[in-house]
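Work through the exercises below with the structure open beside you. Try each task before reading its solution.

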Amino acid sequence: MAHLRETSDKALKLLRTLPRVQIGNLRPNPNSKQNDKRGRAQHGGDKHGAGNKGSGQRQNFMRLGYETGNQPFYLRFPYEPYYKGHHMKRQYPPISLLQLQVLIDTNRIDTSQPIDISTLCNSGLLKLKPAELEYGFQLTDDGLDNFKAKINIEVQHASEAVIAAIEKNGGVIRTAYYDPRSLHMLVNPKKWFQKGVPIPSRMLPPQDAVDYYTNPKNRGYLANPEEISQDRLVLAQKYGYELPKIEKDSAYEMLTTAKDPRQVFYGLEPGWLVNIVDKTITKRKD
Amino acid sequence: MAASGKALLGSSLCQKLTQFTRNLYSQPALLSSFRSSRQVQELEKYPEVEVVANPPEWRFVERLLPPETVPQPVAQKDYPSGWRPQTEDGSKAGYYVARTKNHMVPVYLQTRFRGQRRITVVRRVQGDIWALEKDLRSAVEKSRNGKLCATRVNELSGQIHIHGDHVDVLRDYLKERGF
């Protein structure tokens with residue numbers, strides 16, 4: 001057993017130099033592990049742990065889900081209606097009012113400018129994947145009581161409580177639809193400008209989204225502005241707050257900035273070509 | 001000479017073939033910008049354009065370009081979200097917990113075994129890590145009415161592991177202390 005004593009001596013010597021012993025720098029004792037070599041002939045060459053006969057020995061395992069003659073579980077129920085068209089449904093990843101307030105507090109978002117998808121994505125903390133059917137952000141009511149910022153924000157979906165929370169602070173919220181191509185431009189505008197392609201116009205919403213975006217209760221971008229201003233009052237009465245007057249606000253111009261339904265970027269018209277290397281814009285002469 | 005003539009013939013034939021295939025695919029084909037693109041026409045047929053240098057709309061473009069570095073937070077009276085800037089430098093306490101690059105407190109939750117084992121990890125600890133471990137443990141034990149809690153200190157990597165989900169407690173505690 002001389003070699004074992006040597007080993008333990010070595011281990012003790014090593015321990016004194018090591019700062020600590022923990023699961024990460026431990027290894028099995030020498031000779032404690034069995035050799036995983038497959039024995040041949042009389043030296044353990046019988047069944048090799050695969051058992052006698054059947055799929056264990058021949059490795060012809062049954063296919064996944066097969067229940068040896070039963071009607072398999074995955075075929076037992078004929079129809080799953082709640083999955084109908086799931087691969088076509090538009091996704092709206094959530095951001096909460098708390099997240100938005102944190103972004104504002106840590107100076108990741110400038111509240112003196114209108115906020116849209118590109119502002120949120122340019123913060124570097126939120127991601128949107130138009131290729132995975134994500135059609136924009138929905139603003140959720142988490143952290144609703146602590147939201148204190150006055151902003152002009154454009155999201156793709158918002159609940160009534162969220163709309164009330166933003167309008168209570170004197171802000172403006174608008175829900176707007178973007179087609180996947182426009183979303184692709186908004187997610188990374190710098191990369192898109194580097195393509196050197198004229199800005200296309202935004203598409204109108206698909207038929208099943210028209211109702212949502214023409215409804216003044218959702219602050220839809222296609223709704224009648226007069227109906228929206230009336231609904232702002234109605235919502236203020238419902239939630240019991242006094243509606244701050246935007247007309248008398250010093251940031252009136254910023255708060256009332258809105259995109260045209262056919263416009264993708266604020267202030268840039270469709271058809272223009274932006275060159276970010278030479279800092280020029282190519283416009284049509286008319 | 002003969003070889004070059006052959007090449008010329010080949011190129012013109014190639015051009016004709018391209019025209020032919022383009023005419024074949026007069027309907028715009030999906031996923032192919034070449035086949036769906038219109039042929040180049042004479043310059044007069046295109047609208048006149050002007051290239052504007054230093055346009056007044058450039059501020060809208062600048063707004064769309066992302067910042068190259070993480071912006072520094074601006075000092076405010078109060079922060080409604082509960083986030084606070086770091087005020088302590090560790091000279092008083094003997095230890096220091098650095099903020100992340102995003103100005104957040106480095107307290108995280110690690111879950112293993114399908115969420116059955118929850119471990120709170122405090123990272124980026126510098127200085128007397130054992131004193132911090134003592135303080136954090138007392139804060140956690142206070143929050144669970146004196147019930148003991150197990151901790152593990154890794155002084156090499158500057159991390160403290162605390163058994164259980166105490167992320168909110170520890171984040172608030174560290175923020176209160178100014179870290």
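Two strands count as paired if DSSP finds at least two bridges between them. The model is predicted.

**Exercise 1.** Find the strand of chain B that pairs with β7(A), and give the sense of the pairing.

Solution.
- Step 1. The strand is β1 of chain B, residues 49-53.
- Step 2. Five bridges join β7(A) and β1(B), and the sense is antiparallel.
- Step 3. One bridge can be checked by residue: Thr282(A) has Val51(B) as its partner.

**Exercise 2.** How many residues does each chain give to the contact?

Solution.
- Step 1. Chain A gives 30 residues and chain B gives 27 residues.
- Step 2. On the side of chain A, the elements with two or more residues are α4 (97-105), α5 (117-122), α8 (189-193) and β7 (280-284).
- Step 3. β7(A) supplies the largest share of that side, five residues.
- Step 4. Sorted by class, the side of chain A that touches chain B holds eleven nonpolar, eleven polar and eight charged residues.

**Exercise 3.** What is the order of the strands in the open sheet of four strands in chain B?

Solution.
- Step 1. The order is β3-β4-β7-β6, with antiparallel pairing.
- Step 2. β3 (107-112) and β6 (151-154) of chain B each pair on one side only, as edge strands.
- Step 3. From one strand to the next, the twist averages 25°.
- Step 4. β4 (residues 117-122) and β7 (residues 159-163) of chain B share three bridges, and Thr120(B) stands opposite Ile162(B).
- Step 5. Helix α4(B) packs on the sheet, touching β4, β6 and β7 of chain B, whereas helix α5(B) touches β3 and β4 of chain B.

Notes:
Residues are numbered from 1 along each chain as its sequence is written. Chains are lettered from A and ligands numbered from 1 in the order in which they are written. This is a predicted model: local features need pLDDT of at least 70, side-chain atom pairs count only at pLDDT 80 or more; totals for chains, interfaces and linings use all residues. Two residues are in contact if their C-beta atoms, placed from the backbone, lie within 7 Å. Ala, Val, Leu, Ile, Met, Phe, Trp, Tyr, Cys and Pro count as nonpolar, Asp, Glu, Lys and Arg as charged, and the others, Gly among them, as polar. Axes are lines fitted to C-alpha atoms, for helices over the stretch in contact, and angles run from 0 to 180 degrees between N-to-C directions.
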